[in-house]
Structure formats: structure tokens, C-alpha cells
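Thanks for passing this one along. Please have the model open while you go through my comments.

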Amino acid sequence: MTRSFLSIRALRKTFGAFVAVHDVTIDVPKGEFLTFLGPSGSGKSTTLYAIAGFQDPSSGDVLLEDMSLLSVPSHKRNIGMVFQRYTLFPHLSVAENIAFPLRVRRRPDAEIKRKVADMLALVRLENFADRHPGALSGGQQQRVALARALAYDPPILLMDEPLSALDKKLRQEIQAEIRRIHRETGVTILYVTHDQEEALHLSDRIALFREGRIEQIGTGEDLYLRPASEFVAGFIGNSNFLPAEHLQTARGASTIRLADGSIVTGIKTTTSFGQGQRVRLMVRPEAFRLAPGATSAALAVEIIDTAFFGDRRRVMARTAAGDEIDVRPASDAEGADSATTSGKRIFFDPGSAFLFPA
Amino acid sequence: MLLDYERLGWLRVALVGFTAAVAAFLLLPVVFIVLLSFGSSRWLAFPPPGWTLRWYQQLLGDPTWIDAALTSARIAAMAAMLAVIIGLFAAFSLVRGEFRGRQVLRGLLLTPMVLPVVVFAIAIYAFFLRIGLAGTTVGFVIAHTILALPFAIIPITAALEGFDKSIEDAAIVCGASPFQARLRITLPSIRIGIFSAAIFSFLASWDEVVVAIFMASPTLQTLPVKIWGSLRADLSPVVAAASSLLVGLTFCLMIVTALLRRKLSR
């Protein structure tokens, strides 16, 4: 028996010959904020819709507290959901929208009234109770949708890219709201997005989807600092990839030769590579330094361009082999201001770099 | 815009004049009939030598005219109700359904609008004679429902196409059964379309004459049939009065529709 709250077991969904979801298995503890992150068509939304009951999986199971949900029709699953598009009922006021799930459950009027007031307070729209959806902004509509989805205290809240129609500033505002509401209600949230910043900001854990499979699942730190594959490293945060040749690995530290012939030692590796195998070295833009450190490796480059971004600078460099490198040192870092004139070498700590098979 | 009204110059005068001429051409016969219905000439002379309400008194004092108007209203109301109900089901399957021949079915449902009415009238009359529905209210309502159906299907289909199905899905996740979701959320959301469908299909039956002539019997006559019959028997200003009332009700319904649409779409 599983101990987890929500359990997705070997879920598979095919559309004809196309496999949208390949045997996805996830265990979600109660109260977790789990984000399905991935490019469009990676199977994250299909998985969410299978949990909601709008897609019948081809095989596999979805268990809530050890009970299968698959034979339960959508309207009896008691799940909350916020959609990508605005789905408020256009002919009902904000208060009536929030009351709707309670009315279909035939709750007493007094309870409905109290709950609607609580929910309006939760999303801070107390003064909008009598407005109609047409008179609300996009952000307000999604907050009402959130209130409606939580009004009946569902054990799970599904959110399908709820902020994708909003502009960036509003998105960040509502992200903060969602975090607060998750903290205050303790509801288990499954959140779908293709925006890695949003995923990092909101989630306890992130499941990164790729072509219907989960490429890696873990905290934002896990995915950023310990990416399991080149895809993860490329999707989360910014990355530089340099082609290299693996020479040898001893005690988890590898030595490689870069395309310009320079040797780098001491790169932490968990995979085993053969001698002479083609690999790719990944270094985060902020891991590069413009001044040498105690253990740093050096790269000979030509500086193409620099720009100032307040807290960071951005330096575009090019290696002798023609690979472009994105460098983001802190503005006050040593050597940062002289990069334009004197920068012929950039440095990085091999311990912060990763090796992936080419 | 290439054809900007503001930039038309002297052409603007020509355009306004042309528009006025077209409007006059369309409206003058109606105005003419209404004026004649108040004229005192027994022979529908124009301009009328004097004004009178006599023809309206005669009209309202004649039970056969009242009867015809009530029959019209009754048949139009039943046809409209049936057309809206069938139209709703048809619209759902045309918009939401995923089956082969959907476009063919859509075309088929709209044929009463393009088929020559007299062809349809003869066909359905011959059929009703055979099954014993000719001259009955049921037959009349069925025939008019078929004619009214396109006028119900078009606005409902348009409203349903403009309605995001995610809203219905949201209602289902909220705990409403698919049927409840449609009844309590989808139908009210497309009510403007349903309302337009009701008005248009009512009017399609209310002022229809060709099929009505075939469907009518001496005891079952709608207003347009009665007008047609009276015109052939004797040309009396009472016919003009009846026509004016027919036009008047149609006009009122169109105004009500416009007002309600404005109110509902806010």
C-alpha cells in the first residue's frame, strides 16, 4: 500500500499512434505544491486532465488516499480546478460564481453565505461580490476562479497555466497571492506551466516533463544545481554548453579537453564516461568569473559585447572554437567593469560545472 | 480604411441620397398600406378623402378576423417553441459533435430556408393528405416548425460557437453533472441566441402565407391566409387594417428583440 496522498501510477495516454504520456508515476504528499513544467506538447496538461477526469488514460491509475479516481466521473471527484482560459459563469455575479459549487452540493444557505464571504476575503475581492465577470480584469477573474475552486474545500487543486493570459507584472502579483493561499489553506496543488521562473517561484517540487515522460522530479534547487540531463540544465535557468572530450574520471572528478585544446580537471560527475567520449560541458552564466579564483579553470575568449543590468552585467564572449558564452557576473564583481577592455580570459569553478553525454 | 466615410467628399451626398432611396423603396408600400387603413375611402383611393377608424372597428368586430389572428399566434408560438427545442439539440450536435457528415447535416437542416417554398408546400401537403394530417393544427404546426427551424438553428449555433466549452468543464469540476452544467450554465450563457431563435422562428411562422394556404382548412385559417382570401373576395380597407396590425406586431417584436439583446449583452 502506498503512503502517499495522491498517487499517479504508470499513467499512459495515447492518441492513435501518438503517445502523449509515457508511464508517468508520481507520488504527491498531502499539502505539497507540485508543478508540472515542460514545453508545450510534453504531456503535462494531459496528465492534469487525466486527474481531473476530462481525459481517460489508456492505462495506469490515479489514486487519492489509496482509492482509484478513474471510475469516478469528473463532477464527483471533488477536485478544484483553475483553467488557462477565463471560465467564470458570465451570467452570474462574483458571489454567485463562488456559491455555485456549494449550491450544486445543496449546502444550507447560511453556510454558503459564510463560505462565499470567507473566499472573497481569501482572494481579497470583498468589494466585488456583486460585480459580473465582464466587469473584472483578467487577474481579478482568475482570483475569483481560484476562490470558486477552493470554496468546497477540495483535497486537491489543479491549475492549468492559470496566469498565461496575464501580463508579466500581474503574473508576479498573483503568484505571490497563490503562494499565500497555499500557505493559508494547506491545499495540495498540482500546477501546470511552461514558465520555469513561475515554477521555481511557486513550487515545493517540480516535475519536468519532456515528450510525455518525467525527465527529473525534485525541488527547484535540485533541478537547478543538480540537473539530471542536458535537457533539464537547458530548461531550468540559463546555461552555456561547450563541446569537449572526456579524458578520465577518478573519485567522481573528471578531466576533459575542450575544443581549443585546453584541459579542465576536477569536474564533478555522477555518470561514467568512456575515455575519448564526446561530452558537453555545462556552466551557468553566473558561475563565470572575470577574475581568477583559487581553484578556477580558465577559458581564453574574445569579448563581443557587454551590457549593464543593475545588479548584474551581461558579457557575451566567444571561444577560439567559435562557441558563444553568456557570462553574468555581479555588477560589483572584481574585473566586471574592465571586461570590455582587458577581458581575454574568463574563469569558472569546475566544481560548479556539469558534464553530459554529447 | 480605403472607403472612409469621412473622406468621401461630395460622394457622401450621393451615398446618403441612394441609401434614403433604398429605404423609401422598402418602406413606402408599408407606409402606404397603413395610411390606407385609416382612409375613409371604401375603394382604397389615394390620397384618402378623409380619416376614419371604421375599418379597425369592423375588423375587431368580426370574429373570423379575431379567430384568424389567434390561430396565427397559437400556431406561431407552438412552432417557435418546437423549433427552439429541436434547434437546441441540433446546435449542440452540430457544434460539439464529432461525427462524419456533420457539415452535410448542417446543410440539410438549413434547406427549408433555400428550398422554394411552394415546392416544399406541395410536397408536405401531398404527404399530409396521405397520412391524414392535412387541415389539422398538428400538421400546420409541424409544417411551420420545419420552415422555422433554420431561423432557430442559426442564432443558437452562433451563440454556442461563441461559448467557451471550458466554462462548462469548470461547472462540471465544480460538481455539476454534465446535464446540470448545460442547464444551469451553458443555456443561460447562450440565452441571447435562444431568445433570438424564439423571436425569429415565431415571425417565420407568423407571416408565412404559402405553406399556410395549403395547410389551412375552412375552420383553420391564419391571419395571412385570411388576408389573402379577403383580397380575392372583395378588396376592402379592412384588409389594409389587418395587414397594418400584422406589420405592427412584427415591428414591435423586432424592437423588443433589439432592446433585449442590448440589455442582455451588457
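Here are my notes, point by point.

1. A word on conventions: this is a predicted model, in which local features need pLDDT of at least 70, side-chain atom pairs count only at pLDDT 80 or more, and totals for chains, interfaces and linings use all residues. Residues are numbered from 1 along each chain as its sequence is written, while chains are lettered from A and ligands numbered from 1 in the order in which they are written.

2. Chain A holds nine helices and 20 strands (DSSP runs numbered from the N terminus: H or I of at least four residues for helices, E of at least two for strands). Its C-alpha atoms fill a box of roughly 75 × 45 × 35 Å along the principal axes.

3. Of the 358 residues in chain A, 41% are buried, that is, with 20 or more other C-beta atoms, placed from the backbone, within 10 Å of their own.

4. Do look at the largest nonpolar core (buried Ala, Val, Leu, Ile, Met, Phe, Trp, Tyr and Cys residues joined through C-beta atoms within 7 Å). It has 107 residues, and I98(A), A147(A) and L158(A) touch the most other members. Another core, of 41 residues, lies apart from it and includes A76(B) and M215(B).

5. I also liked the open sheet of chain A, where five antiparallel strands follow the order 13-12-11-14-20; strands pair here if DSSP finds at least two bridges between them. Strand 13 (263–268) and strand 20 (354–357) are the edges. Four bridges join strand 12 (residues 253–258) to strand 13, with S254(A) opposite I267(A).

Terms used
Buried ≥ 20, exposed ≤ 12 C-beta atoms within 10 Å, placed from the backbone.
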